[in-house]
Amino acid sequence: MKADADGYFAQCFLPGGDYRICLENRFGTTFLSDAEITVAAETFTTTVSETAGFQQELDGKADADHGHLAADVAGLQDMVDMAVSTAAGPLVYRGGWDASSGAFPSNASSGDTFSVTVAGVVEGISYAPGDQIIANTSNAATVGEWDHIRPAVSLGEFDTVEDLLATSQGMAIGKTVLVAGGQFKYQVADPAATDYHLTTLGGVRLYAHPDHKGAVSAKQIGIADSSDGTAEFARLCASRLDGITRFVCDVDFNLASPSHTGFTAAAVITLEADNVDQIGHGKEATRTISMLNLIQQRATANSLNRYTCMFDAKMFRARGLRFAYDIDVTEAEIIGNGNGNAVFYDKSGTGSGFFAEKCKADFLSGYLLRITDHPYWRVSDCWAGKQFYFVYLNGRCDYGLFSGNSGDMGYVDSIGTNNFGDYIKAGASLNGFGSHYCTVTSNHFVNSKRDAVDSTGGLHGWKISNNIFDVTTAAIDAKQQVNDASVVGNLEGNFKGLTISNNIIRGGEFIFTLNEDLTSYGLTAPEWLQVNGIISNGNVFIPRPGRENCGYYFKGVHDVAMTGDNFTSYRLRKEADFDPAGEGVFPQDAIEGTYYEATSTATIDGLAISVGDFVVPKSDNASMTSSTEWVIKNTAWLSCSMFRTDNGTSNGYTNQGSWDASTGTFPVSTSDGQYWIVSVAGTLDGMRFEVGNFLVALVNSASTTVYDGNWIKRRGTYSPPPAKNISFKNIVWDARGTAACTLDECENVSLHFASLITDHSETFDIRSTAYEIDLSGRFEVYPDEFNPSSNVEPISIQSSADIRIDFDATYHGSQGRRDFIRHFSGRSPRIWLDGTYRNFRAPIRAQDTWQVLNLGMGRGFFTSDCDHVLVKDADINPVRKGLMENIRLTNSLSSNDIGLTGNLYGLDPGDGLKLTIAMGIITATHTAHAINTEADGLTDDLATIYGGMTGDLLTIYPADGARTVAAKNGIGNLRLGGDRSLNETGDTLVLRKHADGGWHEVAFSSVT
């Protein structure tokens, strides 16, 4: 007898007679030889002469023949054992036996042989069709008295899985079944087995055998293309998973989640597309699992319960799959019927190691991944649709990796008020901990509505690098939320040690804020609770139309260092003239990066357009009817805001008095920044307000019923803690356009520019609560290309203190030439000015009737081609100079003329330089001066004294007793008891500066 091509021995039936048998495999290897068999009428006798040698061959065979199952060898072993055990006695075939009868054949003699025709279980032993039983004693009645022989051959092959499932033939337990030329393999299960994978029409239960990579497939377990595979997949998950580590999706199919925890399994399984190695990114994924019940609208349509997730993230991973709903679902259906849920979810906090690779989340709302306290996660090369959140991390989901991903995130609800769609949402667990030490790298974040990375629970130790952020709101939005005093100790490390590097940001911001609501910390949370320890370098910011707040935004942040960032600008291209009044709609086929110049006045969809306005599309093919897709500008330059620390209001804070929180409505507001102090406690829109809380409006005309997005509650103050200890070094910023760096509620901020360009006023807006600000570097100022006659004053200071400015600044051009720094409101003590200033009217202008106290001009201060060193609009402005000695004040107009206009400086104490009268005028700088006559004349009139401020005392005396200084009363600004002659060395005239600008006599002393 010779094995077939697959290494199996066929059954053979011999007529009566004597035979010598030899068993060989298909390669000619002998397993059994010289076995003598005598067959006579339904009886045969065997004489085995080399059984021991056959045994050795069997032991060596082991499965070497092409990986056949050991069960087949064991079957052959049974035959040999049977032959050996019955070598001295005859076997008599008695026909078929129905094992379902539950009893063995009666009155059997030793050697009587029966074939099982109907499967069944007797005394706990399962018998399948094709098996044989042989009595090993007379009157055999118990299981021990019957030998059970299973066929030692395979059942052959089936062409398809469908053919296998459609067969009604019986199959021997433990035998191998091949389908499609061995593409799929199965093992026949015990009829009583409950952990089987599929069942034939004849009731045979089968185990699907994994391939050499540990994979079984959807087809293999009976899931047909485009069918509902829920039952088959559920059976696999509940089955024996010996050796199964991968589930290959080789058809598209639907699944309905069985529970709120989704499908689970006894061992970890990777769900994998059959073409995963042929696709480069999740965007290309086509092999689809359609989800029937993760959203209410679809669950209802399929008569199913809506559940929380599809797969337990502890037990499933994914590669190369597209996840979708079974039909398209609209935004209106999402909002009206509930947001979708997670494809993968681990709520228990006991899992780790989830990964998704090259997957496509091609559905609206919901999540691809939602995990709690689940470390070592990885999402790579995936594509995000418009999910609620693509990845949601809750608690300590540490050591995660988010890399190579992209998508088309962002959707708005049917009302148009709530935007959704962050790629990563990181929140704190109930104990206050957030995710630590995660890496976000090499992603392309596309989001038309929301953020890329949004965290309310911590980004401690995260590294965010080499990404492209093309988002509407924030590239990173990190909010330290302090609301529960019981877990506040766990919050300390949530926002420390964040590193941001080498990213490209198109139209988004890095936002870091603190929201605290803890009575135990009074006015502000302690510094260790604030966002701190941020390192950022090498990032490139690119503005987009309507998205020029592109840079950094800090509230309640400290200890931050940025180096080498580049804030770019670009000039829009004029596409055509545009007649809004005549057209009535916006231009067709618009292209981002262009503008249309309005030739008439009109309003389209609420957007007012005037003659000369630049009408700019926010994106390609912007809507012709919706004003939300267009923006109006007065310049073709787009630029980045770079950095702002404002308080979130455009109008500052204004006290509106008290508010009774028990009334049931919020107060009526007209402007953001308005605030009320709670006088009576109460709860409104789910928010509790205690007496003394501050209620601050975040928007103009804030809702009187809705808290979120309209109001912010603060304890003990209307203002968040200041941002402080912030350093920018070697920054490149092209601010041409309308960009502004707003500094408010901040302390100890240092900005150094390798290159800075602007063409408009208030490029720096330094507000009243900014302190210890240091600005330096190279600064090029140009006229406004589109309004060249407008004044350009790049720096604006309002009531700030301790401001140091040290630029190498040049104004290029003649039109719009004004002052470099404009101080226009409030008291500003201690302003220091250093550096070189070329071609300005003046480096600094003190405007209006406000005060600059202690204006210091440092040793390195230099002016060139400036009309004045300082311009002062109001005479009552007291300005002190000279906090450093040996000041060099020169310009090209006159080396001796320091270009002072008005009463500019308070007098420094002590004797100053000798002053020489020029055309009846001297300029005092100190509290005492010797006065010389012009050209050393014998006598000279003194009518006017410049310098000093109200209240200053000045003593003058003659420089030479041989020359007479005649101080004239009432001709200039001297108010004396009469003309006074100073003609002796000991003569003195003491004067006091009054608010009328005049120097009034205090005392006159003459030695003669």
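Lys 633 and Glu 548 are both buried. That is where I want to start. This is a predicted model, by the way. The two side chains meet in a salt bridge, 2.9 Å from N to O. The pair links distant parts of the chain. Lys 633 is in strand 56, residues 630-633. Glu 548 is in the loop between strand 46 and strand 47. The two residues are 85 apart in sequence.

Stay with that loop. What does Arg 544 form a salt bridge with? The partner is Asp 470, and the closest N and O atoms are 2.5 Å apart. This pair, too, links distant parts of the chain. Arg 544 is in the loop between strand 46 (540-542) and strand 47 (551-554). Asp 470 is in strand 40, residues 468-471. They are 74 residues apart. Buried or exposed, Arg 544? Buried, at a relative accessible area of 8%. Asp 470 has 12%, so Asp 470 is buried as well; the cut-off for buried is under 20%.

Now the count. How many salt bridges are there? The total comes to 44. One of them joins Glu 272 and Arg 246, at 2.4 Å from N to O. Glu 272 lies in strand 19 and Arg 246 in strand 17, so this salt bridge ties together parts that are 26 residues apart in sequence. Glu 272 is buried, with a relative accessible area of 6%. Arg 246 is at 17%, and that counts as buried because the limit is 20%.

That pair belongs to a network. Salt bridges with shared partners connect Arg 246, Glu 272, Asp 277, Arg 319, Glu 357 and Arg 378. Look for those six side chains on the screen.

Next, strand 17 itself. Strand 17 runs from 246 to 249, and both of its faces are covered. On one side sit Arg 246 and Val 248. On the other sit Phe 247 and Cys 249. All four are buried.

What about the neighbours of strand 17? Strand 15, residues 215-217, runs parallel to strand 17, with three bridges between them. Ala 215 stands opposite Arg 246 there. Strand 19, residues 269-273, is also parallel to strand 17, and here the count is four bridges. Cys 249 faces Ala 273 in strand 19. So Arg 246 turns up twice in this talk: opposite Ala 215, and in the salt bridge with Glu 272.

A quick reminder on sheets. Strands of a sheet pair through backbone hydrogen bonds, either parallel or antiparallel.

Now a sheet with mixed pairing. Five strands form an open sheet, in the order 10-11-12-14-13. Which strands are at the edges? Strand 10 (157-158) and strand 13 (198-199), each pairing on one side only. Strand 13 pairs with strand 14, residues 205-209, in the antiparallel sense, over two bridges. Thr 199 is opposite Arg 205 of strand 14.

On to the surface. Glu 157, Asp 159, Glu 162 and Asp 163 form a negative patch. Glu 162 is placed in helix 3, residues 161-166. Glu 162 has a relative accessible area of 53%, so it is exposed; the cut-off is over 50%.

There is a nonpolar patch too. Tyr 376, Tyr 399 and Tyr 437 make it, and its area is about 350 Å². Tyr 437 is in the loop between strand 35 (422-427) and strand 36 (439-441). Tyr 437 has 40% relative accessibility, which means partly exposed. Tyr 376 sits in the loop between strand 27 (367-372) and strand 28 (378-380). Tyr 376 is exposed, at 51%.

Tyr 376 brings me to backbone angles. What is phi of Tyr 376? About 55 degrees, a positive value, although Tyr 376 is not a glycine. Asn 107 is another non-glycine with positive phi, near 55 degrees. Asn 107 is in the loop between strand 4 (91-98) and strand 5 (112-118). Asn 107 is exposed, with a relative accessible area of 66%.

To recap, go back to the start. Lys 633 and Glu 548 are buried, and their salt bridge spans 85 residues of sequence. Arg 544 and Asp 470 make theirs at 2.5 Å. Questions, please.

Key. Residues numbered from 1 in each chain as written. Predicted model: local features only at pLDDT ≥ 70, side-chain atom pairs only at ≥ 80, totals over all residues. Heavy atoms only, no water. Patch = residues over 30% accessible without salt bridge, like charges linked within 9 Å, V, L, I, M, F, W, Y side chains within 5 Å. Areas by Shrake-Rupley, 256 points an atom, 1.4 Å probe, with all protein chains shown as cover. Salt bridge = Lys/Arg side-chain N within 4 Å of Asp/Glu carboxyl O. Lys, Arg positive; Asp, Glu negative; His and termini not counted. Charge placed at Lys NZ, Arg CZ, Asp CG, Glu CD. Buried < 20%, exposed > 50% of the residue type's maximum accessible area, 1.4 Å probe, protein only. Pairing = 2+ DSSP bridges.
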